[in-house]
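Q: Got a model open here. Can you walk me through the packing?
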Amino acid sequence: RRLPNEPFYSQSASVHPEEKRRIGAAAAALVGDGDTLFINSGTTTTEIMRHLALRPELRGVTVITTNVSGTLDARHPELEVLLLGGTFRPQSNAVVGDAALRTLQQMNAGMSFIGVDGFSLKGGLTTPVLAEAEVARLMVERTQGAVVVVADSSKWGVVSNFEIAPLNRVQVL
């Protein structure tokens, strides 16, 4: 299946909301004290940030993100949230572009949570927007530990225009 165009954030949020909530909770449960995380744009990654904020026991977690919506939901005294700069894309409620990429090139994280529009054996992790793919690709490259892909089953077998990474770069799905 092909996904040539990006759905708007509000459209994506209304598709499989319960699955996204459960994926977000499961992903947030992987985070431990002192972790530094990359989190890209997307409705499922927003759920991760919401669920991190619901974990009062967490201490000293740093989240580096392009996800504007998730940033607004990540209110927790022990979460340091660094929202990267860049060009705001209302379609994804995220920032992209040279400013985000230059800043990411100076950072490392122990774990990344990557939302995708499609994933398949042949196509790997994909998205329909080059600027979003560039950010997610660099997050994967700068991750020292586990790359965690967060996607519901409707994205399996979907190939979009731009590759983020091959599947063999993923440790957790």
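A: Sure. This is a predicted model. Start with helix 2 (residues 17-28) and helix 3 (residues 43-53): they pack with their axes 7 Å apart, at an angle of about 50 degrees.

Q: What does that make helix 2 relative to helix 3, oblique or roughly parallel?
A: Oblique. Roughly parallel would need an angle under 35 degrees.

Q: And the crossing, left-handed or right-handed?
A: Helix 2 passes helix 3 in a right-handed crossing.

Q: Which residues meet there?
A: From helix 2, Lys20, Arg21, Ile23, Gly24, Ala25, Ala27 and Ala28. From helix 3, Thr43, Thr44, Glu47, Ile48, His51 and Leu52.

Q: How do the residues of that contact divide into nonpolar, polar and charged?
A: 6 are nonpolar, 4 polar and 3 charged.

Q: New topic. Which residues touch the most other members in the largest nonpolar core?
A: Leu104, Val116, Leu125 and Ile164, in a core of 26 residues.

Q: Which elements give two or more residues to it?
A: Two helices are on the list, helix 5 (98-104) and helix 6 (130-141). The strands are strand 6 (94-96), strand 7 (109-115), strand 10 (143-150) and strand 12 (162-165).

Q: Where does the largest share come from?
A: Helix 6, with 6 residues.

Q: Back to Val116. What does Val116 touch?
A: Leaving out residues up to four places away in sequence, Val116 touches Leu125, Thr126, Val149, Val150, Ala151, Lys155 and Ile164.

Q: How many residues are in the second core?
A: 17, and this core is separate. Among them are Ile39, Ile48, Met111 and Val148. Ile48 is also one of the helix 3 residues that meet helix 2.

How values were computed: Residues are numbered from 1 along each chain as its sequence is written. This is a predicted model: local features need pLDDT of at least 70, side-chain atom pairs count only at pLDDT 80 or more; totals for chains, interfaces and linings use all residues. Side-chain values use heavy atoms; hydrogens and water are left out. A nonpolar core is a set of buried Ala, Val, Leu, Ile, Met, Phe, Trp, Tyr and Cys residues joined through side-chain atoms within 4.5 Å. Buried means under 20% relative accessible area, exposed over 50%, partly exposed in between (1.4 Å probe, protein chains only). Helices (H or I, at least four residues) and strands (E, at least two) are DSSP runs, numbered from the N terminus. Contact means heavy atoms within 4.5 Å. Axes are lines fitted to C-alpha atoms, for helices over the stretch in contact, and angles run from 0 to 180 degrees between N-to-C directions. Angles under 35 degrees count as roughly parallel, over 145 as roughly antiparallel, 65 to 115 as roughly perpendicular and the rest as oblique. A crossing is left-handed if the near helix is turned anticlockwise from the far one by less than a right angle, and right-handed if clockwise. Ala, Val, Leu, Ile, Met, Phe, Trp, Tyr, Cys and Pro count as nonpolar, Asp, Glu, Lys and Arg as charged, and the others, Gly among them, as polar.
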